[in-house]
Structure formats: structure tokens, C-alpha cells
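Biologist: I'd like a close look at one single part of this model, with whatever surrounds it. Could you pick a helix and walk me through it?

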Amino acid sequence: MLRFLLRRFGTMILTGLCLSFVVFYLTNLKPNLERLAKTQASARMTQSQVHDWLVEHGYGEPVLKRYGEWLGVVPGWTGKNTETGAPMGRCVDPNNPTTKAATYCGILQGTWGYSTVFRSSVSSILSTRLQATGILMLWVLILMIPVSLVVGIVSGMREGSRLDRGLSVASIATTATPEYVSGVVLIVLLSSPMMGLSPVLRHWGLLHGTALFKGSAASALDHVTFANFTLPVVTVALYGTGYIARMTRASMTEVMTAQYIRTARLKGVRFRTVVLKHALRNALIAPFTVIMLQIPWLLNGVVITETLFNYKGFGWTLVQAAEGNDIELLLGCSIVAVVVVLLTQLISDIGYIYLNPRIRIS
Amino acid sequence: MTDQTTWDPSQPILEIEHLSISFFTRLREIPAVMDFSCTVMPGEAMGLVGESGCGKSTVALGVMQDLGKNGRIVGGSIKFKGRDLCKMSDDELRAIRGKEIAMIYQEPMASLNPAMKIGEQLAEVPMIHEGLSRAKALELARQIVADVRLPDPDRILKAYPHQLSGGQQQRIVIAMALMSKPALLILDEPTTALDVTVEAGIVDLVKDLGEKYGTSMLFISHNLGLILETCDRLCVMYSGEAVETGAVAEVFDEMRHPYTQALFRSIPLPGADKNARPLIAIPGNFPLPHERPQGCNFGPRCDYFQKGRCDARDIAMDPVPGGDRHESRCLRFAEIDWDAPPQVAKTTEKSPIGPVVLKMDDLRKYYEVSSGAFGDGVAKVVKANESLSFEAHEGETLAIVGESGCGKSTFAKVLMGLETATSGEILLFDENIQDTPIQQRNANTVSSVQMVFQNPFDTLNPSMTVGRQIIRALEIFGEGRNDAERHQRMLELLDLVKLPRAFAERKPRQLSGGQKQRVGIARAFAGGAKIVVADEPVSALDVSVQAAVTDLLMEIQRKNRTTLLFISHDLSVVRYLSDRVMVMYLGHVVEIGTTDEVFSPPYHPYTEALLSAVPIADTRVKKKRIVLEGDIPSAMNPPPGCPFQTRCRWKSRVPGGLCDREMPPMREMGNGHQIKCHLSEEELASMEPVIQIAAE
């Protein structure tokens with residue numbers, strides 16, 4: 001087990017290195033850097049001024065060396081401001097340039113860099129934003145996993161029944177609807193004071209406020225309430241729920257036709273016990289992997305949802321960073337994404353072994 | 001429970017009357033079983049025999065009232081202890097399932113829940129039906145596990161199904177069926193997935209337990225020999241109908257239905273010989289359920305068919321005069337001369353054996369495997385083949401016999417070039433090929449060593465026409481100068497395997513199993529193969545088709561002077577068609593010699609057990625019963641000394657524990673007959689024949 005974990009960690013680190021280099025290379029392409037120089041210094045710089053600015057700010061070195069610096073295995077660049085003569089460098093605090101700087105300052109040392117959009121350190125931005133997204137994801141998972149598993153198992157235990165058909169249609173519909181559609185539909189239906197359900201409910205005297213839910217989740221950053229958080233959570237969860245329910249159903253229908261289920265039935269076991277005791281555990285092996293795969297996918301989904309509901313989390317930050325050509329922040333975001341993907345994969349592999357006694361070591 | 005008191009034990013325990021079962025698809029109703037009647041008395045074992053698709057398993061599921069969504073009983077009744085099962089509510093049925101009627105299935109691995117411990121699965125039965133506490137139920141489970149002769153019951157109760165061998169799993173399924181001491185046991189091909197020596201152990205167990213508990217049995221099998229060993233009465237089914245029923249001895253010796261007779265003539269019984277007394281295949285194919293003929297279903301394939309009479313109307317079961325509840329569904333059974341010898345198909349001369357074409361010298365194949373799900377186990381060496389040495393001659397059939405895991409398939413892979421040998425030599429016409437994988441072999445070598453696979457259903461490309469697949473083989477082998485020539489050659493190959501030329505345009509799914517296997521044979525012979533490895537070529541086929549396919553192979557062999565390496569576990573077929581036999585156990589050749597030498601004493605102790613284990617469908621045959629204890633040892637961890645010493649019943653006759661320490665030498669018994677055993681000359685000479693045919 002230990003050797004397996006070590007080996008998996010080894011491959012994880014290797015994969016992480018490769019992926020981060022790809023992102024580093026792409027964000028540091030020449031046009032990107034030029035744009036950065038123009039936004040940072042002056043939009044009217046000439047080509048040679050841009051070049052000088054880039055060299056002065058440490059962007060002139062070969063990509064591999066700068067990747068090493070960013071990682072923290074190559075000493076950070078140092079230089080002098082051509083105008084003021086103040087020391088400059090990767091590890092120099094721009095607000096306080098005279099203090100003695102460290103030699104190495106990459107992500108290994110915990111220095112994630114400086115965000116040009118938010119004018120703050122990347123690590124502090126990421127930690128607050130990730131926390132916000134973490135809360136959103138937590139509620140999404142709390143809603144999505146039980147609902148999808150129940151829907152999948154109920155529709156899979158009697159394949160072809162009316163209940164199965166109904167639930168299948170519902171899950172296909174939710175999976176087929178992208179977040180930007182379902183989000184807009186939900187906002188219109190539930191959070192508009194003029195349209196959808198709210199005016200009707202108000203007319204019947206069931207609703208006293210302006211609308212059922214809030215269309216913006218900005219206030220949820222400070223204080224999560226039912227009104228301000230329901231719609232973003234439902235929007236993200238809907239897509240995944242349908243998907244996992246379909247997978248669970250497929251796995252369940254397969255298990256229900258397995259011979260050992262017939263064995264159990266012909267032992268005289270009740271249908272309910274057959275489902276709960278004999279089928280469930282075998283049917284959950286496949287959805288477990290799918291759920292784990294869904295978590296990185298959710299990170300992707302929140303980009304749209306957070307922007308739509310103005311919830312300042314990880315996804316929203318990513319959009320801002322991309323718009324503002326914020327190289328260090330983008331790099332930080334992609335590292336987070338890579339780690340999430342690899343970690344969930346590791347958990348899914350280990351969990352799979354424990355769920356499935358056939359591949360466990362005896 | 002009240003019904004048990006009202007039921008009179010002298011009455012039948014199971015009474016099926018005029019049962020008809022249909023499956024409903026969107027297109028049509030498919031009648032699976034029609035007008036089926038049978039009676040099982042208490043303590044009686046009833047056999048249901050027939051080919052696949054004849055409806056025997058459907059009858060079993062009908063008794064269990066578990067026909068799925070599409071199946072429905074459309075007529076007749078199934079009475080169990082006098083109560084009609086078809087009219088019971090779900091709750092009543094549940095009380096009977098597992099408690100009064102238990103079932104044993106064909107594939108033990110698939111029938112056990114992979115995620116539940118064995119003890120858990122066994123204890124469930126008395127917990128449901130008798131309301132026992134968990135602890136009490138586990139205690140009972142432990143006792144029954146010991147009853148089915150499994151070693152170390154405590155360990156087994158805590159194991160998961162995949163941790164047991166196939167034979168052990170089947171014993172667990174039997175134990176599960178016996179947990180509530182049922183009155184009726186339904187066995188659906190319980191040993192088909194198992195090796196013969198394991199099968200023999202299971203059959204013994206079932207018979208003993210039946211006597212011990214007084215359980216009635218409904219034994220479903222396609223193997224007539226097995227029915228003879230286990231049952232009192234049998235019912236032969238054909239295409240959804242019972243065609244003949246009666247006491248086993250009576251039906252075997254005085255059959256009164258043409259299908260039963262044809263079935264017996266198409267299986268290789270002792271005395272059959274490929275040259276002098278060839279098998280008689282049943283012509284034609286099994287009718288599909290919706291293509292059944294009018295009148296007698298067997299009519300179109302029957303030798304005694306009379307137009308206008310047999311195909312006029314439905315035929316009922318009629319009692320055979322003088323028989324013990326012996327019935328036949330034939331209009332003409334009183335007219336037919338049942339003792340007339342079969343019209344002998346053309347006999348052939350034994351073809352002479354040619355020079356050596358293939359020579360194996362001390363061939364070894366080892367695999368390195370690492371164990372454990374996390375891949376951190378120590379790498380182990382599996383010795384799949386150990387010092388294999390033999391020669392095969394032109395025009396000869398060499399059978400390679402052994403149970404699963406004995407290394408016969410590994411050997412085939414090495415010969416074909418799918419694997420390369422670890423050491424040793426393979427000489428094909430004086431050319432060393434042991435180190436040349438198939439990708440590097442030239443077209444000539446590839447086309448001269450070909451293979452016929454076990455399962456014709458999976459080895460043909462489902463999206464290519466039959467003709468195209470054969471032409472593809474011709475292209476690869478470099479046969480023919482252009483497409484027209486290859487097309488012509490393809491048609492000739494179809495003629496060779498006796499398929500209509502029109503089949504060239506068909507897709508594999510439009511063919512029956514036997515026809516698919518013929519295509520497989522045509523493909524193997526496309527490049528004029530000199531050596532054909534036939535890996536269990538008929539074991540996936542029905543009995544009536546097997547004979548035709550074996551005959552075809554023999555005929556092509558005679559014509560082309562091909563060397564046939566016939567891999568099989570079915571000793572009846574081997575005895576029928578092979579010239580020489582090689583017996584393998586755990587990667588070793590333990591005996592090799594001509595068929596007569598191997599099938600008569602002196603034997604290697606393993607050969608002796610193997611011969612004894614094969615069920616033979618002939619009432620005249622007297623067999624010595626030798627049941628091997630335990631399972632085949634793992635090739636990963638073979639026993640020291642002689643590979644067979646852990647199960648050998650002769651071991652005590654070898655002085656000084658030699659079997660535990662030393663690998664026996666290959667001993668020459670004269671005339672090329674070799675035995676790998678430590679037994680002394682006298683001991684070997686004292687062996688008695690396993691199979692004896694009583695004088696008629």
C-alpha cells in the first residue's frame with residue numbers, strides 16, 4: 001500500500017510538473033508578455049521600449065530558466081530599476097525594495113507571485129477565493145451526491161418501468177442543459193420580481209418579499225442564506241446530478257441482471273433487501289469513480305455560475321485573471337486545478353480498491 | 001408450513017402438466033417450451049437432457065417462477081407438493097424459494113455476490129426462512145460448508161468468492177442450496193464450467209447429499225454421461241418439447257424416439273473409431289423457435305420421416321408398451337426396428353503417418369507476474385510450460401489433454417508465435433521458430449501453422465462478411481495472384497468446409513455456431529496449413545453439431561495430410577479421433593503415447609484419474625471411481641518433487657518419500673509410450689483398466 005501511494009505520488013508530481021510547464025509556456029508566449037508590458041507600463045510603448053521593459057522585469061530570460069525560477073529551483077532574477085536604481089528582482093518586495101531578498105522564491109518556497117490585476121499576492125487571493133468556492137462546492141456535493149444516487153438506483157432497480165422512464169428523462173434533460181442556460185432559466189423563473197413564480201406567489205399572498213430567491217450571490221460571501229445561495233448551488237448541481245444519476249442507473253441495471261442477483265432472489269430474499277444488501281454496493285463501484293471525476297469538472301462549471309451570480313470565488317477569479325492577462329494568477333489557478341484533478345484521481349483509485357474486494361490484496 | 005402436513009409423501013413432489021412458456025418480444029411471441037409434462041417423485045433424481053435452446057433451463061426457471069419481464073407461462077400447471085406454483089402470490093413464492101426449492105447454477109463465480117463474504121451469503125438463507133439469529137445461522141453455515149467437504153470452513157466463511165477456486169465456489173453454491181434442507185433441488189448444468197476431475201467430485205457430492213437428505217433433484221445437462229451417473233429417470237427435450245421420457249437405463253438401452261437415437265449415435269462412445277466406425281452426425285440444424293416445422297419438430301432431420309404423416313398435426317406423448325412410465329413423442333415408434341444397426345457412413349482407411357514436421361525440444365515458458373492490487377507484491381515466476389519435448393508427424397492427430405491451468409494453451413501460444421519461448425527449441429521443418437514472434441514470421445511460416453479457436457462466436461469479425469474474412473486471410477498468406485483468383489479460392493474453401501457458396505455474402509451473425517466454426521476452419525486452412533492447432537474446437541458447440549465438425553476436420557486432414565494438434569479436455573472425443581495423446585499436468589507432460597497405450601494400463605496416476613472422471617453415456621461401461629482430492633495446485637506455487645504428488649493416490653506405494661523430493665524422470669515404456677512417474681515396474685503393471693465394457 002505504501003509503495004503504491006509513493007508511486008502514485010511520484011507520478012502525480014511528474015504530471016503536475018508537465019502540466020504546469022505547459023500552462024507556463026502558453027501564458028508566457030510573446031504576445032502575452034507584450035500585452036502585459038503595455039498594460040503595466042504604458043500602452044503607447046514602442047517595440048524596443050517593450051523589449052527593454054520585459055528584460056528589466058525579468059521576462060527576457062529563456063522560458064525554461066524562468067519556469068525554474070517560478071518553481072523555486074533556480075535563483076530568482078535580480079536587477080536594478082533603470083530610473084531609480086532601486087534593486088529589483090523576482091524575490092524583491094516591490095513596495096519595500098530595500099529589504100534583503102531571498103535567493104529562491106518560487107511556489108516551492110510558498111511564493112506564488114504577485115497578481116497584476118488585484119495588486120496583491122497570488123497566494124492570499126487564491127486562499128480567500130478558494131475558500132468561497134469550497135463552500136459552494138460543499139453545498140453542491142451535499143445536494144448532488146444523495147439526489148443523483150437515489151435517482152439512479154431507483155430508476156435502475158426496475159429497468160423500463162414508468163418511474164425509470166420519468167427519472168431518466170429528467171436526468172437527461174438536466175445533463176443536456178449547460179449551466180449558462182439553466183442558470184438564466186432559474187434566475188428568470190425564481191428570482192425575478194416581474195416574471196416567473198415570484199409575482200404569482202405574491203399575488204396569492206404567499207410571498208412577502210420582492211422575489212423568491214436572490215439573483216446575485218454576492219452577499220453569500222459574508223453570510224450564506226437560503227435566499228442568496230440556493231440558485232448557484234442548484235445551477236451547478238443540476239448538470240452533475242443528471243450525469244451521475246445516468247451512470248448510477250447504468251451500473252444498477254447491469255447489476256440487477258447479474259446472476260448473483262437472481263441467486264439472491266431465488267434464495268427467497270425480499271426485493272427491498274436484494275436492492276439494499278446485494279445490489280447497492282456492487283452498483284456503487286462505477287458511480288464512485290464518476291463522482292470523483294465530477295469534482296474537477298465542477299471547478300470548471302463554477303467559472304460560468306460564479307460569473308453569472310456574481311459570486312467572487314475561484315471561477316470568478318479565473319475569469320478576471322484571464323481578462324487581465326494576469327500571468328502569475330493564471331498560473332496559480334492552473335496549479336490548483338491540476339492538484340485537484342490529481343488528488344481526486346488518487347482518492348478514486350484508492351476508494352475503488354476498497355469498494356471492490358476483487359482487486360483488493362488478500 | 002400447513003401444506004406440508006396435508007401433502008401425502010407418496011404423491012409426486014413436482015408435477016408439471018402440459019406446461020407452455022413463451023417469451024414476448026416486440027415482434028412476436030416466441031414459444032420456448034410447449035406442452036411439457038414431467039413428474040418427480042420424492043427422493044427421485046430427474047434428468048433433463050437436450051441441446052442449447054431446447055428449453056430445459058426455461059423449464060427450471062418456470063418452476064422457480066422467475067422468467068423475467070418477457071417470459072410468461074401461457075398454459076399448463078406446475079404443482080409442487082400438490083400446490084400450483086403459478087397461482088401463488090409473491091409472498092408465498094418467496095417462502096418456497098430457497099426453503100423448499102433451491103437451485104444450483106451453471107457458473108458458480110457469477111452466481112455468488114462478489115462484494116459479500118461467503119459466510120454472509122450462506123447465513124442469509126436460514127435468517128430469512130427460519131428466523132435464526134446471525135450467530136446461529138453462521139454456525140449452521142459452518143457445518144454445511146464442512147458437509148460439502150471443503151477444507152478449513154472458518155477461513156472459507158470469511159473469504160470473498162474470488163478468493164476460492166471454481167470447484168470450491170460450486171461447493172459453496174451447493175452449500176447455499178442445502179442451507180434450508182430443500183425438498184427439491186434444481187441443478188442447471190452445475191458442472192459445465194468445471195474441469196472433469198472437479199466435476200467428478202461435485203457429482204459424487206451431489207449424489208451423496210441427495211441420499212443423505214432425501215432431496216429430489218431436477219438435473220439439467222447436455223451431457224448424457226453425467227445424467228447416467230446421477231439420475232434415476234430422464235426426459236429428453238428437443239426444440240421446446242419433451243420427446244422421450246423414462247427410466248435412465250430404459251431410455252439409454254431401448255430408446256424409442258429417433259432424436260434420442262440420433263443423439264447417441266453422434267457422441268463418441270467407447271468403441272467408436274474415426275476410420276472404422278465414424279460418428280453419425282444429425283443432418284441439418286436445430287430449428288429456431290419461430291421456424292419450427294408443422295407436426296414433428298424433429299421431422300426435417302429424422303431418418304424415419306414420412307411425408308404427410310409426421311408433418312400433418314401436432315404429436316402427443318404416447319406411453320411405450322411394457323415400459324416403466326416410458327413415453328415417446330413419435331408416431332412411428334412401434335414401426336421402427338430399433339435394433340437395426342445404423343447405416344454405416346463411409347468408412348475410411350487409416351491414413352499412414354508421415355515424417356516429423358514439428359519437433360519440440362525441452363521447451364519452457366515462464367511468466368513473471370507481480371501480485372497484489374497495488375503492484376507491490378514480489379514478482380513471482382509462473383512456470384506455464386516445463387521441459388516440453390515431443391514430435392508431431394505429417395497427417396497425424398496429436399491430442400493434448402489436461403485440465404485448465406495445465407499449460408496447454410500457453411504451449412499453443414508459443415507455437416503460434418503469440419509468445420516467445422523462455423528456453424528450448426521448436427523445430428518446424430528444421431527451422432527454429434521458438435524466438436520468432438508472429439509479427440516477424442514470414443507469410444509462409446504463418447500460413448503453415450494455423451489455429452482453430454474454441455469459441456467461434458467471438459473469433460469472427462461481426463462486421464465483415466464471411467467471404468471477405470476468408471479472402472483477407474488469403475491476402476495475408478500471399479495466396480492467389482489477384483482478387484479474382486482469391487475469390488475463386490475462397491469459394492473452393494467454402495466447398496471444402498461444406499458450406500453453401502452463398503454464405504460468402506453473409507455476416508457471421510446470420511450463421512449458427514457450427515457454421516461459424518466451419519468458417520473458422522476454412523480460414524485456418526486458407527494458406528494450406530501444414531499444422532493446425534485446434535483449441536477445443538467443438539466444446540462450445542452442441543452435441544449433434546460436434547460430430548459433423550469433428551468429421552469435417554478429419555476429412556480435411558486426410559485430404560491435405562495436415563498435422564492436427566487437438567487440444568481438449570474431452571477424453572471421449574480425444575479417444576475417438578487422435579492417433580497419439582499427450583497428457584499434461586501443471587506445465588509438465590506426464591504421459592505420452594498412442595491412444596490405445598494411454599487409454600489402457602499402465603497409466604500415469606493422473607491419466608487414470610482423468611479417465612475415471614469422464615462420464616460415459618453407455619450403460620455397459622463399468623468404471624473404476626477415482627475422485628481426486630483437492631484442487632490443482634497453483635502454477636505460481638507448484639509442489640516440490642512430482643507435480644501430481646499432492647493428489648496422487650499411488651504416492652504411498654513409492655518408498656522413501658521420493659515423490660515429495662524429486663521430479664520423476666520420463667520413463668520409456670516401449671514403443672514411444674512415456675510416463676513421468678516414480679512407481680516401480682511392478683506397480684505400474686498391476687494397474688487395472690479404468691474403463692471396462694461389459695460383455696454384451
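Modeller: Sure. One cut-off before we start: a residue is called buried when its relative accessible area is under 20%, exposed when that area is over 50%, and partly exposed in between. Bear in mind too that this is a predicted model.

The part I'd pick is helix α5 of chain B, residues 118-129. Nine of its 12 residues are buried, so the helix is largely enclosed by the rest of the structure. Which residues of α5(B) are buried? Going along the helix, they are B:Ile118, B:Gly119, B:Gln121, B:Leu122, B:Ala123, B:Glu124, B:Val125, B:Pro126 and B:His129.

What covers the buried residues of α5(B)? From chain B, the cover includes α3 (90-96), α6 (134-147), α7 (153-157) and α8 (166-178). Chain A pitches in as well, with α11 (271-308). After the helix comes B:Gly131, with a positive phi near 65 degrees.

Now for the charged residues. B:Glu124, one of the buried residues on that list, forms a salt bridge with A:Lys267, and their closest N and O atoms are 2.8 Å apart. A:Lys267 lies in the loop between α10 (259-266) and α11 of chain A, while B:Glu124 lies in helix α5 of chain B, so this pair joins two chains. Are the two partners buried or exposed? B:Glu124 counts as buried because its relative accessibility is 3%, and A:Lys267 counts as buried at 5%.

B:Glu120 has a salt bridge too, this one with B:Arg134, with 2.9 Å between the closest N and O atoms. That pair links distant parts of the chain: B:Glu120 is in helix α5 of chain B and B:Arg134 is in helix α6 of chain B, 14 residues apart. B:Glu120 counts as partly exposed, at 27% relative accessibility, and B:Arg134 is partly exposed as well, with a relative accessible area of 44%. So what we have is a buried glutamate, B:Glu124, and a partly exposed one, B:Glu120.

Let's follow A:Lys267 back into chain A. The loop holding A:Lys267 comes between α10 and α11, and α10(A) is itself mostly covered, with six of its eight residues buried. Those are A:Tyr260, A:Ile261, A:Arg262, A:Thr263, A:Ala264 and A:Leu266. The cover over α10(A) includes α9 (226-256) and α11 of chain A, along with α2 (56-64), β6 (101-104), α4 (108-111) and α8 of chain B. Notice that α11 of chain A and α8 of chain B turn up here, and that both are also among the elements covering α5(B). Just after α10(A), A:Gly268 takes a positive phi of about 95 degrees.

Back in chain B, α3 (90-96) is among the elements that cover α5(B). B:Glu92 has a salt bridge of its own, to B:Arg83, at 3.5 Å from N to O. B:Glu92 is classed as partly exposed at 36% relative accessibility, and B:Arg83 is partly exposed with a relative accessible area of 24%.

For a bit of context, the count over all chains comes to 42 salt bridges. One network of them links B:Asp204, B:Glu229, B:Lys623 and B:Arg625.

Since you may be wondering about aromatics, the count there is 18 aromatic pairs over all chains. One of them is B:Phe390 with B:Phe411, an edge-to-face pair at 5.6 Å centre to centre and 65 degrees between the planes. B:Phe390 lies in strand β14 (residues 379-393) of chain B and B:Phe411 in helix α13 (residues 408-416) of chain B, so the pair ties together parts that are 21 residues apart in sequence. B:Phe390 and B:Phe411 are both buried.

Charges meet rings as well. In chain B, the charged end of B:Arg72 sits over the ring of B:Phe24, 4.4 Å from its centre. In chain A, the charged end of A:Lys312 sits over the ring of A:Trp316, at 5.3 Å from the ring centre.

To come back to where we began: α5(B) is largely enclosed, with nine of its 12 residues buried, and its B:Glu124 makes the salt bridge to A:Lys267 that joins two chains.

Terms used
Residues numbered from 1 in each chain as written. Chains lettered and ligands numbered in written order. Predicted model: local features only at pLDDT ≥ 70, side-chain atom pairs only at ≥ 80, totals over all residues. Heavy atoms only, no water. Phe/Tyr/Trp six-rings, centres within 6.5 Å; stacked < 30°, edge-to-face > 60°. Helix = DSSP H or I, 4+ residues; strand = E, 2+ residues; numbered from the N terminus. Buried < 20%, exposed > 50% of the residue type's maximum accessible area, 1.4 Å probe, protein only. Lys NZ or Arg CZ within 6 Å of the ring centre and 35° of its normal. Contact = heavy atoms within 4.5 Å. Salt bridge = Lys/Arg side-chain N within 4 Å of Asp/Glu carboxyl O.
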